[in-house]
Structures are given as structure tokens and as C-alpha cells.
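Biologist: I'd like a close look at one part of this protein, the aromatic side chains that sit in its interior and whatever surrounds them. Could you walk me through it as one connected story?

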Amino acid sequence: MKKGVVNGRVGAILPSESLNIASKAKALAAAGEKVCNLSAGEPDFDTPDHIKQAAIDSLRRGETKYTPVAGLLSLRKAIAEKLRTENGLDVTPARVIVSNGAKQSLFNVFMALLRDDDEVILLSPFWLSYPEMIGVAGGKTVVVRGRQERGFKVTPEEVRAAVTSRTKALVINSPSNPSGIVYSESELRELADIAVACGFYIISDEIYEKIVYDEARHVSVGSLSPEIGEWTITVNGFSKAYAMTGWRLGYVAAPDFLTQAMDAFQSHSTSGPNTFAQFGALAALQAPSDDIERMRRAFSERRDYLVRRLEAIKGVSCVKPAGAFYMLPNIARFGLSGVVFAERLLEREKVATIPGGAFGSPDHIRLSYACGLNELAEGMDRFERFVAAL
């Protein structure tokens, strides 16, 4: 046996480009530089007080023991009720698994669902962790490219052309990280009809569901018909809408056979999620949505500001996002790849962004407007100065 040899699937994982940029930005900040961080996928708002208080109260009651692997029954009931009333999904608490963040929920899905060489269709630009998760689970990624001139959306014909006998699932992330696009009900139905007709699952990542703008409306794919619901796996969490990123709580609603497999898998990886954090999540679901709307309005204001600034810069083009808190400006006209552009921007102007290649879109960089308006304004001043010097 050779020493120093790791599992091949794990060894094939590419380091997260977002964490790489974040590490460099933190090093610059530690050296005394003022870094404008337009890379973070994390709301700058604090978790609402009533959520924090619920966790504090649970600790004082002594709620510090293990919960069931799938999460507190009271929380799973509240999630099932939320999915029924807000999303139109026919879900029972037994079909809900709570995990340590939506990222773990997605990983559980891929590990439980995929067999070796099963294919998963991704719509680019896609969230950068999907391909790595799929690869570790033994699956193969098949990318259908969403073009900027079509608002980054794909057509049913393009998806249908990517389907093979090995297709096991299609991942839909709407609202999307990194593009901010939101698929309409009719667009989702067309994609879902293909999945039902061909017999593969839809993994619907709905973590940004409450962050939509203008006339855009979030629609849960699984609500479109009972038949579509049987082929849909819905993933969500508390990080984005409730500013609970550090709480690490996500959940998945899926068919019985899959939740049973995910429960068994999670029992041997992390067991149940953080106990007192679950009481905070329960409070988040039971409270009015005032805090969510306050944050959504702030994101909308920041988005409009960022769009105005980017549209005024010669050589930069972008698609106005309808949801989430990201934007993908196209920087191809400057003759630099997204990686080189982002590295030089950080080095010269101390502005942290994410290269688009990590999302399957190498001619772009991702900007986050989850930061405050002052930092966004300073970041765009530096961005504009950098572009002018190219």
C-alpha cells in the first residue's frame, strides 16, 4: 500500500474558488489593507433577535442533547406546514430531513440518489459546489449552457438534447446563484415535463426563494402537478432569507425511499443537526415575515445601484438579476479570463470577486451585493478605476 494516497473521488475535488479568493482577501485585510469584499454569499444583516432569543431560551431550558437524526419533530412539522402553505407541496414531516446547512442537504441527496456514472444535468452558470458533490457521489456532470444573450436561461430543447439513458437528475436553482435569474412557472413546467416524460428527478435548490424583485415570483417546481411532485426533490434552508448563515441549518423534502436513505447516511456522518439552532429555526418559521421583507428591500436597492454603476462602464455588460444577491458582469472585452481579471482586481484595487469559471462561465466574474451600500459604492469606484486602467 502506498503512503499519502487519498480516495480518488476526494482527490479529484477542486478547491473552492470562492474560499480561495476569501482567503487572499482575509490575508490582505490582516496586513492592514482595506478590502472591499464583493465576493461573499452571506447577508451582512444580523440574525433577527427573536430567532436568537429562541435559541438562548432553549439553552436555558437545557436543550443540549441529541435530537433525532432527521431533526426535531416539531421543526419538521413546521417545515412541512411551511412547504404546504407557502410552496404548494404535499409533504409530511416524515419526508423532511434537517441537516447542517442546505449544502449538506444537497450532498446527502447526491450520495443517496446517484450510482456510479449516473448523469446529472446542470444549467450553467451553476453553483460551484454542484459538480464536486456529484463527482464525490460517483456521478457525472452534463452541462447545458445558458447564454447571456438569452438572460442565462436554457430552452427545453437544449435540456432534452442532453438527456441520455444515464440521466438521473436535473438540478434547478431558481433564484440562481450566481446569475440571479428566476425561471417562470411556464418555463419550469416545460423543464419538469421533460423530467417526468424521461423518468429522471428534479433537484430543486430553493435557498434564495424569498429574495426576488420586481415582478418575479418564486415557484416551487414540485407544486406544478402531483406527478411532477413525485419526481421532485426540494432543498432549502435558513441561511439566506433569515441571515442565519452561521447557524448551519438546511432541509430537504423528498420521496420516502430517498429520505430513508438520507436518514441512514446522515446517521453515520453528522447525526442530527445542532439542537439549539433548530429551536431558532422553529422561531424563524413561526414569526411574521417583516424582517425578511426589510432585508429583501435592502437587497433590491443595492441591486439597482449596482446595475446603474455597471451599465455606465464601457466594455462591461450584465443581465439584471431578478432574485438572489449576485450579478455576473461580462468582462471578456478586456482580453482577460475571469480568473486573471479577479486576481488583478484584488491585487491592484483590493476588491474581492469570484471568477466566473468556477460557475461554468469563464467570461464573467461574480459580484455579490450582500454587503452594505457604502462598501458597494467604494468597491465600484475601485472597480471602475481598475477597468479604466486596462
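Modeller: Happy to. One cut-off first: a residue counts as buried when its relative accessible area is under 20%, as exposed when it is over 50%, and as partly exposed in between. Please keep in mind that this is a predicted model.

With that cut-off, tyrosine 201 is a good place to start: its relative accessible area is 13%, so this residue is buried. Tyrosine 201 belongs to a wider set, since the structure holds 14 aromatic pairs. One of them joins tryptophan 127 and tyrosine 130, whose ring centres are 5.3 Å apart with planes at 85°, an edge-to-face arrangement. Both partners are buried: tryptophan 127 has a relative accessibility of 16%, and tyrosine 130 has 2%. Tyrosine 201 pairs with tryptophan 231: here the centres are 4.8 Å apart and the planes meet at 50°, so this pair is tilted. Tyrosine 201 is in strand β6 (residues 201-205), while tryptophan 231 is in the loop between α9 (226-230) and β7 (232-237), so their pairing ties together parts that are 30 residues apart in sequence. Where tyrosine 201 is buried, tryptophan 231 is partly exposed at 23%.

Now let's follow tyrosine 130 into its helix. This residue is among the buried residues of α6 (residues 129-136), together with Ser129, Met133, Ile134 and Val136. Viewed down the axis of α6, the buried residues fall within an arc of 165°, so they line one face of the helix. What does that set of residues pack against? The partners are two helices, α1 (8-11) and α5 (102-113), and the strands β3 (119-124), β4 (140-145), β5 (167-173) and β6. That brings us back to β6, the strand that holds tyrosine 201. After α6 comes glycine 138, with a positive phi near 95°.

On the other side of tryptophan 231 in sequence is threonine 232, which has its place in strand β7. Threonine 232 is buried, with a relative accessibility of 4%. Its side chain reaches the backbone oxygen of isoleucine 228 at 2.8 Å; by the residue ranges, isoleucine 228 falls in α9. Not counting residues up to four places away in sequence, threonine 232 touches Ile202, Ser204, Val221, Gly222, Ala253 and Pro255. Ile202 and Ser204 fall within the range of β6, so threonine 232 has contacts with the strand of tyrosine 201.

The loop between β6 and α9 is worth a stop as well, and histidine 218 is found there. Histidine 218 is buried, with a relative accessible area of 14%. Its side chain has a polar contact of 3.1 Å with the side chain of glutamate 206. The histidine 218 side chain also reaches the backbone oxygen of serine 174 at 3.3 Å. Leaving out residues up to four places away in sequence, histidine 218 touches Glu206 and Ser174, along with Asn87, Pro175, Glu209 and Val212.

Aromatic rings turn up in other settings too. Phe45, Tyr208, Phe299, Phe325 and Tyr326 form one aromatic cluster. Two rings have a charged group over them: arginine 61 lies over the face of phenylalanine 279, 5.1 Å from the ring centre, and the charged end of lysine 153 sits over the ring of tyrosine 183, 5.5 Å from its centre.

Tryptophan 247 shows another kind of partnership, a polar contact of 3.1 Å between its side chain and that of threonine 47. Threonine 47 lies in the loop between β1 (36-37) and α3 (49-60), and this residue is buried, with a relative accessible area of 7%. Apart from neighbours within four places in sequence, threonine 47 is in contact with Lys52, Tyr242, Ala243, Met244 and Trp247.

Finally, since bench work often raises the matter of cysteines: how many disulfides does a search of the whole structure find? The count is zero. Cysteine 36 is in no disulfide, and the nearest cysteine sulfur, that of cysteine 371, is 8.0 Å away. Cysteine 36 is buried at 0% relative accessibility, whereas cysteine 198, at 42%, is partly exposed.

Note on methods. Residues are numbered from 1 along each chain as its sequence is written. This is a predicted model: local features need pLDDT of at least 70, side-chain atom pairs count only at pLDDT 80 or more; totals for chains, interfaces and linings use all residues. Side-chain values use heavy atoms; hydrogens and water are left out. Rings of Phe, Tyr and Trp (its six-membered ring) pair if their centres lie within 6.5 Å; planes under 30 degrees apart count as stacked, over 60 as edge-to-face and the rest as tilted. Buried means under 20% relative accessible area, exposed over 50%, partly exposed in between (1.4 Å probe, protein chains only). Helices (H or I, at least four residues) and strands (E, at least two) are DSSP runs, numbered from the N terminus. A charge sits over a ring if NZ of Lys or CZ of Arg is within 6 Å of the ring centre and within 35 degrees of the ring normal. A polar contact is a pair of N or O atoms within 3.5 Å; within protein, one must be able to donate a hydrogen and the other to accept it, and residues adjacent in sequence count only if both atoms are side-chain atoms. Contact means heavy atoms within 4.5 Å. A disulfide is a pair of cysteine sulfur atoms within 2.5 Å. The arc is that of the directions from the helix axis to the C-beta atoms.
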